[in-house]
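Q: Please take a close look at the sheet in this model. How are its strands ordered and paired?

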Amino acid sequence: MAYWLFKSEPSTWSWEMQKKKGDKGEQWDGVRNYQARNNMREMKLGDLGFFYHSVKETSVVGIVEVCALAHPDTTTDDPRWECVDIRAVKDIPRPVTLAEIKANPALSEMILVNNSRLSVQPVRPDEWAEICRMGGLDKAP
DNA sequence: GCCAACGTTGGC
DNA sequence: GCCAACGTTGGC
């Protein structure tokens, strides 16, 4: 089981919109970056991820689960681009801001901190547990 | 709104 | 294969 982080600008695709899709989830389309795509290819059913709001809120707001493996992105005819489907699992009780993440030495190696432009990225288990703790979850899922 | 960082494209 | 030019992302 692996952990990931999905980044989205809330004006384009927000956590609220994601939650409205319910258990069926929605494809994480629109990724046009090889590194991000390769990360999605690595994902397995049941893998968990953070849902991060970029630009305006810059915080981790929710937890999602991979519910379909990588498949062609239906928003383009270009066969290079693939995406997984994800569904909302739960809210982060207290959203964890980028400022808090940057201020925490245990999270200094996160890709979110060091490569702010990668939109789909892996998260280490220790980083996953730490952000869950900061977000007010008693037990990391 | 600005700008730094990064990725992609295309000329040579 | 290199590198300059350009476009996009995202933090501030």
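A: In this predicted model, 6 strands form an open sheet with mixed pairing, and their order is β2-β5-β4-β3-β1-β6. At the edges stand β2 and β6, the latter covering residues 120-123, and each of them pairs on one side only. In general, the strands of a sheet pair through backbone hydrogen bonds, in either the parallel or the antiparallel sense.

The description can start at the β2 edge. Strand β2 consists of residues 26-27 and pairs with β5, residues 82-97, in the antiparallel sense over 2 bridges. Within this pair, glutamine 27 has aspartate 85 of β5 as its bridge partner.

Next in the order after β5 comes β4. Strand β4 spans residues 59-72, and its pairing with β5 is antiparallel over 10 bridges. Here histidine 71 stands opposite cysteine 83 in β5.

On the other side of β4 in the order is β3. Strand β3, residues 48-53, pairs with β4 over 6 bridges, again in the antiparallel sense. In this pair, tyrosine 52 stands opposite valine 60 of β4. Beyond β3, the order continues with β1 and ends with β6.

The model also contains DNA. Around DNA strand C are residues including Ser54, Val55, Thr58 and Leu98. By class, the surface near DNA strand C has 2 nonpolar, 4 polar and 3 charged residues. DNA strand B has Asn33, Tyr34, Gln35, Asn115 and Arg117 around it, a set that divides into 1 nonpolar, 3 polar and 1 charged.

How values were computed. Residues are numbered from 1 along each chain as its sequence is written. Chains are lettered from A and ligands numbered from 1 in the order in which they are written. This is a predicted model: local features need pLDDT of at least 70, side-chain atom pairs count only at pLDDT 80 or more; totals for chains, interfaces and linings use all residues. Two strands pair if DSSP finds at least two bridges between them. Helices (H or I, at least four residues) and strands (E, at least two) are DSSP runs, numbered from the N terminus. A residue is near a molecule or strand if its C-beta atom, placed from the backbone, lies within 6 Å of it. Ala, Val, Leu, Ile, Met, Phe, Trp, Tyr, Cys and Pro count as nonpolar, Asp, Glu, Lys and Arg as charged, and the others, Gly among them, as polar.
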